[in-house]
Amino acid sequence: MLLIPCPYCGNRPEIEFAYGGEAHVVRAADPRKEDDAAWTEFLYFRKNPRGDHAERWRHAFGCGRFFNVKRNTYTDHIEASYRIGEMLP
Amino acid sequence: MDNLAETTSLSRLFALSGQAGDRHCRPVTGGARFSLRVPQASLGAAGEALGLDLTGPINRAVSAGQRTALRLGPDEWLLLLAETDAATVAASLSQRLTDGLYSLADISHRQTGIALEGVAVTDILNGGCPLDFDPAAFPVGMATRTIFFKAEIVLWRQDLTRFHMEVWRSFAPYVWSLLANVGCEYAD
């Protein structure tokens with residue numbers, strides 16, 4: 001079973017977590033000023049890389065907190081986990 | 001809120017009524033529960049109001065007398081109290097935390113308790129819960145929210161072979177029957 005390091009609770013089994021999609025997707029401060037292409041990009045398009053990926057997880061059956069994980073999508077190796085608001089290490 | 005805390009008079013609502021239990025598990029009736037959310041800045045004042053030290057690490061239990069606080073998250077505690085104590089605790093918290101930046105929700109009726117005891121208890125829990133129950137990884141005094149098969153539970157290790165489980169009332173018969181099922185395999 002994959003162990004995910006929660007920044008609050010430490011290593012916990014994957015089944016306790018919920019996936020939250022790609023991290024660091026920034027919403028425009030004023031969406032009305034965005035053109036359609038940029039808004040579509042924000043709403044629907046994600047990187048989906050084969051390799052290192054920064055993603056959000058929620059410790060749903062645990063402390064309940066969202067946090068970020070840097071995971072290799074090919075090997076499933078988790079390099080780092082860090083709290084929301086912190087920069088990608 | 002006073003009415004809500006009177007769980008004893010509402011025995012028909014108790015999810016496991018009629019379940020006597022066996023050597024491993026038995027239902028825990030009564031008791032009041034609060035979900036408490038407090039910001040870091042007010043931890044000291046909230047702790048004084050409760051008579052408990054809330055500054056301890058996450059996923060640990062602190063007890064004093066009949067009051068217990070399980071720290072489930074960075075700013076979230078589950079308070080387990082005697083029913084007669086519920087109103088006192090609510091009043092003293094509102095008295096001490098004058099800025100009002102906290103939340104105290106009475107969840108006495110939302111969940112019910114199950115006491116688990118026996119040398120095989122960690123094996124039985126591992127039937128549906130993926131946590132490592134080695135004393136080094138899950139020491140006595142640790143308490144955390146986790147999962148048992150598909151139900152959300154809170155587990156508090158009171159002793160090496162004794163656990164207290166909090167489960168939502170509507171999930172209780174499901175959890176209970178699975179505990180009994182897994183328990184069949186352990187003869188201690």
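Colleague: Hi! Which of the elements of chain B has the lowest mean pLDDT, and which the highest?

Modeller: Helix α1 (residues 2-5) of chain B has the lowest, 48, and strand β8 (residues 143-148) of chain B has the highest, 98. Here pLDDT is the predictor's confidence in each residue, from 0 to 100. Helices (H or I, at least four residues) and strands (E, at least two) are DSSP runs, numbered from the N terminus. This is a predicted model, where local features need pLDDT of at least 70 and side-chain atom pairs count only at pLDDT 80 or more, while totals for chains, interfaces and linings use all residues. Residues are numbered from 1 along each chain as its sequence is written, and chains are lettered from A, with ligands numbered from 1, in the order in which they are written.

Colleague: Thanks! What does chain B average in pLDDT?

Modeller: Chain B averages 89, and 90% of its residues score at least 70. Over residues 8-12 of chain B, though, pLDDT stays under 50, and the model has three contacts beyond four places in sequence for them. Two residues are in contact if their C-beta atoms, placed from the backbone, lie within 7 Å.

Colleague: And what ipTM does the complex get?

Modeller: The predictor gives the complex an ipTM of 0.88, along with a pTM of 0.89.

Colleague: How many residues of chain A are in contact with chain B?

Modeller: 11 residues of chain A are in contact with 13 residues of chain B. On the chain A side, seven are nonpolar, two polar and two charged. For those classes, Ala, Val, Leu, Ile, Met, Phe, Trp, Tyr, Cys and Pro count as nonpolar, Asp, Glu, Lys and Arg as charged, and the others, Gly among them, as polar.

Colleague: What helices and strands does chain A have?

Modeller: Chain A has one helix and six strands, and from the N terminus on they run β-β-β-α-β-β-β. Its C-alpha trace spans about 45 × 25 × 25 Å along the principal axes. Of the 89 residues in chain A, 18% are buried. A residue is buried if 20 or more other C-beta atoms lie within 10 Å of its own, exposed if 12 or fewer, and partly exposed in between, with C-beta atoms placed from the backbone.

Colleague: Back to chain B. Which residues of helix α3 are buried?

Modeller: In α3(B), residues 86-96, the buried ones are B:Ala86, B:Val89, B:Ala90 and B:Leu93. They cover an arc of only 100 degrees around the axis, so they sit on the same side of α3(B). The arc is that of the directions from the helix axis to the C-beta atoms. B:Thr88, B:Ala91 and B:Gln95, on the other side of α3(B), are exposed.

Colleague: Cool. Why does B:Asn126 count as partly exposed?

Modeller: Because B:Asn126 has 14 C-beta neighbours inside 10 Å. B:Asn126 belongs to helix α4 (residues 121-126) of chain B.

Colleague: And β8(B), in what sense do β8(B) and β9(B) pair?

Modeller: Antiparallel, over six bridges, with β9(B) covering residues 151-159. Two strands pair if DSSP finds at least two bridges between them. β8(B) and β9(B) form a hairpin with two residues between them, and B:Phe149 in the turn has a positive phi of about 50 degrees. B:Phe148 stands opposite B:Ala151 in β9(B).

Colleague: What does B:Trp156 stand opposite?

Modeller: B:His164 in β10(B). β9(B) and β10(B) (residues 162-168) also pair in the antiparallel sense over six bridges.
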